[in-house]
Amino acid sequence: MNNKLTTEQASGYNNLELMSTTELLTNMNTEDKLVPLAIEKAIPSIHKLVDVIHEKMSNGGRLFYIGAGTSGRLGVLDASECPPTYGVSDNWVIGIIAGGDGALRKAVENAEDDTELAWKTLQEHVISDKDVLIGIAASGTTPYVIGGLQKAKEQNIITGCITCNQGSPLALEADFPIELVVGPEFVTGSTRMKAGTAQKLALNMISTTVMIKLGRVKGNKMVDMQLSNKKLVSRGIKMIIDELSIESELAAKLLQTHKSVRKSIEAYKKELNL
């Protein structure tokens, strides 16, 4: 294990309370600029994990995220956005946070220290070797996440992780580790900042790439999105107009009939033998 956890090292800035608002914002922005560079270095690792997720999900598997605190919230967020964005089942990408859904709003004491809890929750979802499990922990030392990955590996479940330290216990447990080393935080140890941003970017890349490879995007459009509000209905109508070069009234009628951008386009093309 690497004993020098960069996520815990002292900030490169001091006397923050004496800085002006402009200085605070500028210095935070300077640190934030390091995040995409860390992501760029990790693309080969992200590539390997994406490919195995795609393979498993193509054969009926699911994707699980586990994490505590900010890391857990980011996993739940990414999972919860897949159904409305790509029209997939809410049982296809599943985010689990230490302490349960209540921990999304309020910290749950000692939840992240329980090495057995993650696996108990995963078993409730009947996780199997058809699935992939990603552990998310900025430090790479969270017992809840490490314990979950260890149990999963015992069951021959493929594991990945997203962490912000090199050589952490979590990365050593994962089959496909992603290490996003963004350096010390502006506020020492506040990993909801650069580390959280890096984790969010990586999660965006993983789920978006997998969904595209699974055929949930056509061209550059979310043709399977859920039409859950007026804005999305209008967006859906525009997609149909762009794809079929038809009037807005007909596009709206197609969408009203078929309740899906993809199905509307397919039905129109089938009718005209296109």
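In the predicted model, strand 2 is mostly covered, with 4 of its 5 residues buried. Strand 2 spans residues 93-97 and stands at an edge of the sheet, as does strand 5 (176-179). Each of these two has a single partner strand, so one side of each is left without a neighbour in the sheet. Strand 2 runs parallel to strand 1, and 5 bridges join the two. Within this pairing, Tyr65 has Gly95 of strand 2 as its bridge partner.

The sheet as a whole is open and consists of 5 strands in the order 2-1-3-4-5, with parallel pairing. From one strand to the next, the twist averages 15°. Strands of a sheet pair through backbone hydrogen bonds, in either a parallel or an antiparallel sense. Strand 1 (residues 63-67) also pairs with strand 3 (residues 132-136), in the parallel sense and over 5 bridges. Here the bridge partner of Gly67 is Ile136, in strand 3. Helix 7, which covers residues 194-213, packs on the sheet. Helix 7 touches strand 1, strand 2, strand 3, strand 4 (158-163) and strand 5. The direction of helix 7 makes about 145° with that of strand 4.

Strand 4 contains Thr159. Thr159 counts as buried because its relative accessibility is 0%, below the 20% limit for buried residues. Neighbours within four places in sequence aside, Thr159 is in contact with Leu133, Leu149, Ala152, Lys153, Glu173, Ala174, Asp175 and Phe176. Of these contacts, Leu133 falls within the range of strand 3, and Phe176 within that of strand 5. Leu149, Ala152 and Lys153, also in contact with Thr159, fall within the range of helix 5 (143-154).

Helix 5 also holds Gly147. With a relative accessibility of 3%, Gly147 counts as buried. Gly147 and Lys213 are 66 residues apart in sequence, and their C-alpha atoms are 31 Å apart in space.

Two buried residues were examined in helix 2, which comprises residues 35-58. Ile39 is found in this helix and is buried, with a relative accessible area of 6%. Leaving out residues up to four places away in sequence, Ile39 touches Ile46, Leu180, Ala198, Leu201, Ala202 and Met205. Among these, Ala198, Leu201, Ala202 and Met205 lie within the span given for helix 7. Ile39 and Ala202 are 163 residues apart in sequence, while the distance between their C-alpha atoms is 7.1 Å.

Ala42 lies in helix 2 as well and counts as buried at 4% relative accessibility. With residues up to four places away in sequence not counted, Ala42 touches Ile178, Glu179 and Leu180. Ile178 and Glu179, touched by Ala42, belong to the stretch assigned to strand 5. Leu180 is touched by Ala42 and also by Ile39. Ala42 and Ala252 are 210 residues apart in sequence and 43 Å apart in space, taken from C-alpha to C-alpha.

Positive phi values in residues other than glycine were found in two loops. Val126 has a phi near 55° and lies in the loop between helix 4 (117-124) and strand 3. Asn156 has a phi near 60° and is placed in the loop between helix 5 and strand 4. Val126 counts as exposed at 61% relative accessibility, and Asn156 counts as exposed at 61% as well. Both values lie over the 50% limit, which means that the two residues fall in the exposed class.

At the level of the whole chain, there are 10 helices and 5 strands. The chain has 274 residues, of which 43% count as buried. Its C-alpha atoms fill a box of roughly 65 × 50 × 35 Å along the principal axes. Of the contacts between residues at least 6 apart in sequence, 68% join residues at least 24 apart. The accessible surface of the chain comes to about 14200 Å², and 50% of this belongs to carbon and sulfur atoms. The chain carries 30 positive and 32 negative side chains. The centres of these two sets lie 7 Å apart.

Technical notes
Residues numbered from 1 in each chain as written. Predicted model: local features only at pLDDT ≥ 70, side-chain atom pairs only at ≥ 80, totals over all residues. Heavy atoms only, no water. Buried < 20%, exposed > 50% of the residue type's maximum accessible area, 1.4 Å probe, protein only. Contact = heavy atoms within 4.5 Å. Areas by Shrake-Rupley, 256 points an atom, 1.4 Å probe, with all protein chains shown as cover. Lys, Arg positive; Asp, Glu negative; His and termini not counted. Charge placed at Lys NZ, Arg CZ, Asp CG, Glu CD. Pairing = 2+ DSSP bridges. Axes fitted to C-alpha atoms, helices over the stretch in contact; angles between N-to-C directions.
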